[in-house]
Amino acid sequence: MGSWLSKQIDPTSAHFAYLVISGFLLAYSFFSDFIRNRLHLSEPPLATAIGILFGPRVLGIIDPTSWGWSDTLTQEATRVVVSLQVFSVGVELPKAYFSRHWPSVGMMLVPVMTYSWLVTAGFVYAIIKTEWATALIISACLAPTDPVLAAAVLQGSRFSGRVPRRLRHMLSAESGCNDGTSFPFLYAGLLLLMGKSTGGIIKDWFLSTILWQCALGLLVGLVLGHFANRALRIAERRKWIDPASFLSFYLLLALLSVGVGSTLGLDDFLVAFGAGTGFAWDGWFANKTKETHLANILDLLLNSSTFVYFGAIIPWSKFVPGEFTPGITLGKLIGLLILILLFRRLPIVLLLKPLIPDIRTYREALFCGHFGPMGVGGLFLVMEARARLETGEAVPLPYPPEHHPYKKQVETIWPVVCFILLGSTFVHGCSVAGISVASHFQRHKHERAPLLAAEDDGLEGMVHEGGGGESEPSVSGDEDVSLSKPLSSTSQLLIHAS
């Protein structure tokens with residue numbers, strides 16, 4: 001009987017993965033409101049912890065390498081997940097958002113991101129002892145704000161309602177754009193490492209990366225989204241399309257943008273973000289689907305599964321010195337993580353606060369400077385870098401080669417980026433709880449909520465305007481909806497002082 005039963009029950013690592021991921025998502029769903037609004041935790045750190053627990057390092061139940069899962073599949077999975085998320089950001093933004101807020105988003109994308117790239121490269125170069133070009137590649141993978149982690153904090157929770165919508169929209173727009181705008185930084189490092197002449201580097205970087213991948217990619221996305229909006233309007237008005245297909249159009253258009261971008265060799269993320277922005281520019285689709293919570297469903301299913309996968313593939317054995325990575329130690333990685341978290345964004349956002357219209361107080365600048373999570377987008381950029389180094393093309397080898405001219409660089413980039421992404425996932429994913437608890441104890445006793453960190457009024461030191469409506473008024477920042485409780489006297493003093 002026992003041998004017969006053992007023949008019938010023959011689970012593999014992939015089968016256990018189905019059980020673990022679906023079980024985690026079901027358990028999270030049962031307690032999702034409590035976890036998000038009382039514990040102030042988001043899905044990514046919890047999903048990553050599940051991946052670590054059930055992965056090869058601890059229980060050994062989920063081991064993606066045993067399924068034949070390779071770097072190529074990791075690249076494509078992260079490409080789709082991040083593209084869907086940046087498309088979602090473009091759709092969820094208020095109508096015609098960039099026509100009013102481009103100065104703020106532009107400051108976050110150009111000077112802030114450039115500073116982040118160079119400062120992070122300096123830390124990597126000094127601590128890990130890499131070549132400068134390798135440090136630039138690693139820092140390019142860490143420069144963008146991850147849209148998956150950002151969405152987990154900025155949407156659909158009690159805490160998100162305490163942050164002015166003006167800031168939430170700006171940070172969401174930044175996270176939607178900067179995964180795509182990180183390509184010029186990545187390719188600058190790659191071209192420098194590959195030893196081309198200065199003239200050749202500038203020519204290839206400007207023509208191939210800036211003009212073809214980025215500028216054309218964004219234009220193609222905007223045009224694709226605009227015409228998709230027109231077509232869907234006609235189909236809906238003439239009753240050619242049923243409700244289920246109307247909703248699925250959102251996901252299918254996002255996947256189409258990925259296919260167009262990757263096929264033409266364009267920047268996938270800018271194509272997807274442009275498609276989402278062009279598709280929802282007039283606010284019509286967002287208004288039609290505002291009760292369906294499409295973005296939240298995608299977040300729960302795809303993004304959480306991706307972080308479980310990330311937790312299972314973390315290269316723990318690479319966090320110590322190796323033949324090709326003598327400069328990597330656990331102590332150095334921890335020190336590097338602390339420096340990046342402290343200096344990657346905070347100083348430049350505080351310095352540029354007077355030049356960023358949507359940041360109105362230094363408390364807001366402190367929040368925006370801290371809130372620059374690194375996540376799934378970095379995984380894709382690592383795979384993109386490894387592909388260019390391993391094959392010179394857009395597709396990496398299934399596994400890192402044993403002998404290769406760039407073996408040292410490939411072996412260095414992967415563990416350093418993974419460790420920083422791991423740290424950022426937990427620090428930024430849990431920072432909402434820290435901010436909520438700190439805000440609770442900063443208040444006078446008679447102003448505190450009965451339960452710890454249960455306040456729902458606006459965070460102190462931030463400007464919470466009145467206004468409302470389903471879409472933004474024409475004045476920048478006036479879209480903030482009035483909060484249910486008045487600001488405390490401490491808040492008003494801080495706002496006045498700033």
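In this predicted model, 21 aromatic pairs are present. One of them joins Phe246 and Trp284 in an edge-to-face arrangement, with 5.8 Å centre to centre and 80° between the planes. Phe246 belongs to helix α12 (residues 243-264) and Trp284 to helix α14 (residues 284-288), so the pair ties together parts that lie 38 residues apart in sequence. Phe246 and Trp284 are both buried. Ring pairs further link Phe246 and Trp284 with Phe87, Phe249, Tyr250, Phe279 and Phe285 into a cluster.

Phe87, a member of this cluster, is also part of the largest nonpolar core, which comprises 120 residues. Together with Met170, Leu186 and Leu336, Phe87 touches the most other members of that core. The most residues, 15, are given to this core by helix α6 (residues 97-128). With neighbours within four places in sequence left aside, the contacts of Phe87 are Tyr250, Leu253, Ala254, Ala272, Ala275, Gly276 and Phe279.

Leu186 is in addition a contact of Glu384. Glu384 is located in helix α19 (residues 376-390). This residue counts as buried because its relative accessibility is 5%, under the 20% limit. Apart from neighbours within four places in sequence, Glu384 is in contact with Gln75, Phe183, Leu186, Tyr187 and Ala394.

A nonpolar patch on the surface is formed by Leu26, Phe30, Phe31, Phe34 and Leu39, which together have about 580 Å² of accessible area. Within this patch, Phe30 is found in helix α2 (residues 13-30). Phe30 counts as exposed because its relative accessibility is 69%, over the 50% limit.

Definitions and conventions: Residues numbered from 1 in each chain as written. Predicted model: local features only at pLDDT ≥ 70, side-chain atom pairs only at ≥ 80, totals over all residues. Heavy atoms only, no water. Helix = DSSP H or I, 4+ residues; strand = E, 2+ residues; numbered from the N terminus. Buried < 20%, exposed > 50% of the residue type's maximum accessible area, 1.4 Å probe, protein only. Contact = heavy atoms within 4.5 Å. Core = buried A, V, L, I, M, F, W, Y, C linked by side-chain atoms within 4.5 Å. Patch = residues over 30% accessible without salt bridge, like charges linked within 9 Å, V, L, I, M, F, W, Y side chains within 5 Å. Areas by Shrake-Rupley, 256 points an atom, 1.4 Å probe, with all protein chains shown as cover. Salt bridge = Lys/Arg side-chain N within 4 Å of Asp/Glu carboxyl O. Phe/Tyr/Trp six-rings, centres within 6.5 Å; stacked < 30°, edge-to-face > 60°.
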